[in-house]
Amino acid sequence: MCIRDRCNYLDSKRTGKTEPQLDPRDFLPRLIGMTAVAWQRRLNDVFAKAGVNIVLEQWIILVNLFHHNDVVQGSLANMLMRDKSFMTRIVDDLEGRELVQRRRDPADRRRWRIHLTTKGRRFVEPLLDIVIRTSHQAQSGLTNDKLDCTREVLRHMFKNLTGQSVESC
């Protein structure tokens, strides 16, 4: 039974009316948040068991730099929907570990450009397999069509909420 059907069923059973009511078990922000936290915990556990000193927030920054090196720090914060102070703390830590390097933007000296170092690239490459295996585990039993539909729905909801596409962030 889809959420709309369940909402209508619960409401009509309780009130005799067919106006939709929300079943808290199916409240999408709750489901999305719980799934995100579960995924974060799993990846953090998998990293720790592999002896890798990294958490999901750091991984997301590193993998973004792996694919899009030389990114303005503020743009990276916007892309990840994180505030600049959070991004500064994470980049400070990664820079202290020599995984990333900050350089002044030659076009605008007020901005910092973030680069993945050679050490950072060597650090990320073996973790890709760990993340892919964990993703496959999380998506086990789902068809490609269902996964594509989920991505499409989430992108659509994001655009409804922010007025922008996920790709523009």
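## Q&A on a predicted model

User: Let's start with M81. In which loop does M81 lie?
Analyst: This is a predicted model, so let's place M81 using its secondary structure. One neighbouring helix is α4, made of residues 73-79, and the other is α5, residues 84-96. M81 lies in the loop between α4 and α5.

User: What is the relative accessible area of M81, and is the residue buried or exposed?
Analyst: M81 has a positive phi of about 55 degrees although it is not a glycine. To call a residue exposed, you need a relative accessible area over 50%. M81 passes that mark and is exposed, with a value of 52%.

User: OK, zooming out: how many helices and strands does the chain have?
Analyst: Walk along from the N terminus and the elements run α-α-α-β-α-α-β-β-α-α. Tallied up, the secondary structure comes to 7 helices and 3 strands.

User: In what order do the strands sit in the sheet?
Analyst: Look at the pairings one by one. β1 pairs with β3 in the antiparallel sense over 2 bridges, and β2 pairs with β3, also antiparallel, over 6 bridges. That makes an open sheet with the order β1-β3-β2.

User: Which strands stand at the edges?
Analyst: The sheet is open, with its strands in the order β1-β3-β2. An edge strand here has a single partner, so one side of it is left without a neighbour in the sheet. The strands that fit are β1 (71-72) and β2 (100-105).

User: How many residues lie between β2 and β3 in their hairpin?
Analyst: Strand β3 covers residues 108-116, and β2 covers 100-105. D105 has D108 of β3 as its bridge partner. The count of residues between the two strands of the hairpin is 2.

User: Which residue in β3 is the bridge partner of V72?
Analyst: V72 falls within β1, which is 71-72. β1 pairs with β3 in the antiparallel sense. In β3, the partner of V72 is R113.

User: What angle does α5 make with β2?
Analyst: Helix α5 is residues 84-96 and lies across two strands, β2 and β3. Relative to β2, the helix runs at about 120 degrees.

User: On to charges. How far apart in sequence are the parts tied together by D70 and R113?
Analyst: Side chains of opposite charge can pair when their charged atoms come close. The side chains of D70 and R113 meet in a salt bridge, 2.8 Å from N to O. D70 lies in the loop between α3 and β1 while R113 is in strand β3, so the pair ties together parts whose separation in sequence is 43 residues.

User: Is R113 buried or exposed?
Analyst: The cut-off for buried is under 20% relative accessible area. R113 comes in at 19%, whereas its partner D70 is partly exposed at 32%. By that cut-off, R113 counts as buried.

User: Which residues are joined into one salt-bridge network?
Analyst: R113 also forms a salt bridge with D105, with the closest N and O atoms 3.0 Å apart. Both R113 and D105 are buried. Bridges that share partners make one network, and its members are D70, D105, R111 and R113.

User: How many salt bridges are there in the whole structure?
Analyst: Besides the network, D93 pairs with R97, their closest N and O atoms being 3.5 Å apart. A search of the whole structure brings the total to 11.

User: Are α3 and α6 roughly parallel or roughly perpendicular?
Analyst: Two packed helices are described by the angle between their axes and the distance between the axes. Here α3 and α6 pack at about 110 degrees, with axes 10 Å apart. Among the residues that meet are W59 and F66 in α3, and F123 and L127 in α6. Angles of 65 to 115 degrees count as roughly perpendicular, and α3 and α6 are therefore roughly perpendicular.

User: How far apart are the end C-alpha atoms of α7?
Analyst: Helix α7 has 19 residues, and at 1.5 Å a residue they should span 27 Å. Right after α7 comes G163, with a positive phi near 80 degrees. The distance between the end C-alpha atoms of α7 agrees with the expected span: 27 Å.

Technical notes. Residues numbered from 1 in each chain as written. Predicted model: local features only at pLDDT ≥ 70, side-chain atom pairs only at ≥ 80, totals over all residues. Heavy atoms only, no water. Pairing = 2+ DSSP bridges. Helix = DSSP H or I, 4+ residues; strand = E, 2+ residues; numbered from the N terminus. Contact = heavy atoms within 4.5 Å. Axes fitted to C-alpha atoms, helices over the stretch in contact; angles between N-to-C directions. Salt bridge = Lys/Arg side-chain N within 4 Å of Asp/Glu carboxyl O. Buried < 20%, exposed > 50% of the residue type's maximum accessible area, 1.4 Å probe, protein only. Expected span 1.5 Å × (residues − 1). Parallel < 35°, antiparallel > 145°, perpendicular 65-115°, else oblique.
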